[in-house]
Every structure is written in structure tokens, then in C-alpha cells.
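Colleague: I would like to learn how to read strand pairing and nonpolar cores in a model. Could we work through an example?

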Amino acid sequence: MIAITKRFFLVLTLSVFCVTFAQAGPEEDLQQYVDDNTQRLVDKLSEERGLYERDPEAFYKSMDEALDGFVDFRRIAARVMGRYARQTTVEQRDEFVVKFKRSLFDSYAQALVSAEDFKINVNDATINPQNDNRASVAMEVITASGNRHSVTYSMHRKEGSDWMMENVIVEGVNIGLSFRDRFTQEMEANRGQVQPVIDGWSDAVKSLNLEDEVNKS
């Protein structure tokens, strides 16, 4: 009797799995993929909060490794440079990718680790009907005090590769566009010279108060 009962539940479980798998489409798969990666990153941040105070460099390395493979920093950095990317060398583009990631850490890591507890709900994913390698994923960040903030990831993928995040919109503020506007301002201030802009990018990001932009939206 026990063996029959166990077999029944095994068949039932497999049936539910097969039905769920059969009904899941590419958008549901993408939503689950983003949810899995997002929760993994949130868990990683929670684990490493104390490390930031003890060893900021180790914290940066740990978070950089956690983001690798999900956030396309190279693509983001190229978009931030915009039309100016065409006048850079390969070495300068590589340098800017490193500077861009580091600037985010230097400017926002303290605020991130000291923020109140929060959770993220990934609500839905929409694949671009004109290009099935582009998509947006809507989510909501809910703080411990009950505040809710809408966040949208812009996603892309190359054929045969996993989806990667290429931009973030927070409360209607396009973060990638804000960085690109800042890069353009720095290029104009430096009379079209790219290297000084790359060298001073960390200071430029610190002076870009994205939190005020989000709060005003």
C-alpha cells in the first residue's frame, strides 16, 4: 500500500511538472530567470554586508563576481559613452568598463549596505515583439517600512546566450540615459578629450545625484 501511495505521488508530481513546463512560455521562463538571479544577488548582499566595513576591496570583488554573467557592464559602458565610443581605442574602452563598475561601487556601496531590509518581487516579463532578443522585466522593491518602488530591467541576449541586463529604470528615471547625459557633459567640458573623462569618471558619478532624480520623479 505504501509503495502504491509513493508511486501515485511520484506520478502526480511528474504530471504537474510536465503540465507546468508545457504551459510555460519564453516570457515566463525569462521572469523566472530574472527572479532567480535577483534573489541570488539580494541574498549575496545580505551575506556580505559586514564584509564591506571590514574589507571594502573584498566586498567589491565578491559583488563583482556575483554580478558577472547577469549584468552586461561592457554593453552598458558602451552605451554610456554613446557616439564618443567610436573615437576611443580598445584599451580606453576596456579601461572605462573597469572605471564604470568601480565608480558605482565607490558612489553607492555605502548606501546599499546601510539600507533597510527590502524584498524584490519580479512581476512580469515582456519580450519585444519586433525583436525576441530584447525584453523588459517589471519588478517592485518593497522596503521594511512598506515603501514600494517600481524598477524595470532592460534585457538583451545574443543567440545561444543567456539573457543579460543592459539598463535599469527606477521610478521612471532611465539610469543608463542619466549616465550617458553625464558623459556627454564631461566630454563637452573637456573639449572632446576622452581620456580626461575616463580618468575623472568616479568624481563625475559622485556629483550625479541619481537619488534626487528618482525622488523627484
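Modeller: We take the strands and then the cores, bearing in mind that this is a predicted model.

Colleague: In which sense do S1 and S2 pair, and over how many bridges?

Modeller: Two strands pair if at least two bridges are found between them. Here S1, residues 118-127, and S2, residues 134-143, are antiparallel, with nine bridges. To fix the register, take Ala-125, which faces Val-137 in S2. The connection from S1 to S2 is a hairpin of six residues.

Colleague: Which strand is joined to S2 by nine bridges?

Modeller: That is S3, residues 148-156, and S2 and S3 run antiparallel. In this pair Ala-138 is opposite Thr-152 of S3. Four residues lie between S2 and S3 in their hairpin, and the turn includes Gly-146, with a positive phi of about 95 degrees.

Colleague: Now the cores. Which residues touch the most other members of the largest nonpolar core?

Modeller: The general idea is that nonpolar side chains tend to be buried together in soluble globular proteins. In this model the largest nonpolar core has 43 residues, and those touching the most other members are Val-34, Phe-96, Val-137, Tyr-153, Met-155, Phe-183 and Trp-201. Helix H4, residues 73-81, contributes the most to this core, with five residues.

Colleague: What does Met-155 touch, leaving out residues up to four places away in sequence?

Modeller: Its contacts include Tyr-33, Val-34, Phe-70, Val-137, Trp-163 and Met-164, and also Arg-134 and Glu-166. Apart from the largest core there is another, of nine residues, including Leu-45, Tyr-52, Met-63 and Ala-109.

Conventions: Residues are numbered from 1 along each chain as its sequence is written. This is a predicted model: local features need pLDDT of at least 70, side-chain atom pairs count only at pLDDT 80 or more; totals for chains, interfaces and linings use all residues. Side-chain values use heavy atoms; hydrogens and water are left out. Helices (H or I, at least four residues) and strands (E, at least two) are DSSP runs, numbered from the N terminus. A nonpolar core is a set of buried Ala, Val, Leu, Ile, Met, Phe, Trp, Tyr and Cys residues joined through side-chain atoms within 4.5 Å. Buried means under 20% relative accessible area, exposed over 50%, partly exposed in between (1.4 Å probe, protein chains only). Contact means heavy atoms within 4.5 Å.
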